[in-house]
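User: I have a model open and want to go through it. Can you take my questions as they come?

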Amino acid sequence: MNISKEIETSPKPVQQRTSGAKKRKNKETFEAYLYLLPSLLIFAVFTFFPAIFSIVVSTFRWNMPSPASFVGLENYIYLFTDAIESPIFWKSILNTFYFSLGVPINLIISLLIALLLNRKIRGVGIFRTTFFLPTITSTAAVSVVWLWLFHPAQYGLFNSILISLGLPIQAWLRDPALAMPCLIMMGVWSGMGYNIIIFLAGLQSIPGTYYEAAKIDGANGIGLFKHITWPLLGPTLFYVLTVGMINSLKAFTEIDVMTQGGPLNATNTMAYYLYQNAFQFFQMGKASAIAVLLFILMLLLTWIQFRFVDRSVHYE
Amino acid sequence: MNNRTELISASTRAKRKMKHRILTILSDGLWYVVVIAIALAVMLPFIWMIVTSLKGPTEVFAYPPTWIPKDPQWSNYIEMWKEAPFGRYFLNSAIVAIAVTIGQLTSCVLAAFAFARMEFKGKNAMFMIFLSTTMISSQVTLVPTYLVMRSLDWIDSYQALIVPFLANAFGVFMLRQSFRTVPRELEEAAKLDGCGRFRFLIQMLLPLCKPILASQALFAFMGNWNSYQWPLIITNQDSMRTLQIGLRYFVSGEGSTQWGVYMAAALVVCLPVIIIYFLVQKTFVESMASTGLKDI
């Protein structure tokens, strides 16, 4: 958001009135658009056109390979009210929010680790690297690893740990009650690194003099956190929260590799249900309706984020 | 009198210093214990992946599980290439990731140059259009883009895996920011010497912005190497699958019991990115932190 502001406030070149200058300006405009052309073409064909087309398709009944027919808002009504269909769709909405519970959990754990890592001590770089590793590793590959960790037999690593603690073994991903918490756990693990890096950058941007001044005034560890770190980290926290929420709405890979939305739709989120409708049931209209609803949800989150970031500028 | 107080204060100061040092050592020690414990917990899935990848078909199912494979089965790493065309998957992933990286970087450099260095009609509007693309997520465009690909007859093709990713607004913002830091006087001087705009971009601006170009290339490569949903949808033939998709079908195949080989395959799939990450991790983490904070 601040980028666009910069543009508006950047000094405009002095107006030149000679026709030669005007010609030059026109030439520059033409040249500029040549530079923008490759990006614009790709965006037009693969972003803007599909986004609009998505809305159009959502008003059609289109069960491939049979031809499409216009049905207005029927797909939306169907999703929300049909006796067979709507329970699954409602469940997918609930699951989407359930899954995004991982975001605040992630936030708290990452913040604690970032606070721990925010000191000058030998070897801190190695730990930073370690915590970031899950974030850059392919989600498909780590999902396969977690599938194995959560293996429902006694030789699955988590179950063998439970046994050694004297606890009963679990079916993990095959248990409708446990499957989602398992996915959240893996999500927290893989998303932590990114948050830690952002938090560390935020923490390091707080001037040390603030802390020194507060210490002179007699503030202790918790007081320092409450009165300096927390308020100054506010914008960063909010940024991480909204970006995390948007990303969690998009989660697909781990669900597809580990549960395929099961068991009994316990991990079927909107994003996954969209995929199922489009590429397993071939109901393009219904899938597009879900896409439009998901888009509205994401737009809402983005809007909230921009509003807040705008305000946080004044705060600083 | 004066001397005595000084002596006392000196000794208490020394004592205090000692106490402080002991406290520092203790707190440092505690810090290491806590952080190492967390690091080990975070590394556990990786450790378990490597351990399992060396186990034979019987040891995998042994209870209690062993932490050090009794008879390391390095053959698992050979077996995986025989059981599925991982060589082909690898080639596909490499072709697609490299093509996307080069193409995306090119389009980003050109657009960023226009935004950073040129005055033109509709600049603000254009910038808003670029900005708005970041709000349209791939989930929303999934179905229509698939339909477009189908009508172009691009299913199971490299074009389908590459072309949609040849533009990236985030990359444009990052590069633009970097291009703006280069002083305008340099461009004026170059112009006086008869250097055209495009030549200025190629010969002067780009060499000055190497670090940011490198990190953008890295993001593009890693993101594409790890991408999953689009390649899953757009490829049907085994020969067109990328590594991620190949791994998925390999693991969910019949039987699904060769966990030793699966873990070997999972390791091979994520290894290239891990190696790159370790080679350039300092630049990577720094640019990650600055991308996240300054530009979104």
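The chat below covers confidence, the interface and two helices of chain B.

Analyst: This is a predicted model: local features need pLDDT of at least 70, side-chain atom pairs count only at pLDDT 80 or more, and totals for chains, interfaces and linings use all residues. Residues are numbered from 1 along each chain as its sequence is written, and chains are lettered from A and ligands numbered from 1 in the order in which they are written.

User: What ipTM and pTM does the complex get?

Analyst: The predictor gives an ipTM of 0.86 and a pTM of 0.87.

User: And what pLDDT does chain B average?

Analyst: Chain B averages 87, with 92% of the residues at 70 or above; pLDDT is the predictor's confidence in each residue, from 0 to 100. Residues 292–296 of chain B fall below 50.

User: How many residues of chain A are in contact with chain B?

Analyst: 70 residues of chain A, with 74 residues of chain B; contact is C-beta atoms, placed from the backbone, within 7 Å. Helix α2 (residues 19–57) of chain A gives the largest share of chain A's side, 17 residues. Helices are DSSP runs of H or I, at least four residues, numbered from the N terminus.

User: Different topic. Is Phe198(B) buried or exposed?

Analyst: Phe198(B) is partly exposed because it has 13 C-beta neighbours inside 10 Å. Buried takes 20 or more other C-beta atoms within 10 Å, exposed 12 or fewer, and partly exposed is in between, with C-beta atoms placed from the backbone.

User: Which helix holds Phe198(B)?

Analyst: Helix α9 (residues 197–208) of chain B.

User: Which residues are buried in α10(B)?

Analyst: Among them are Ile212(B), Leu218(B), Phe219(B) and Trp225(B).

Key: Two residues are in contact if their C-beta atoms, placed from the backbone, lie within 7 Å. Helices (H or I, at least four residues) and strands (E, at least two) are DSSP runs, numbered from the N terminus.
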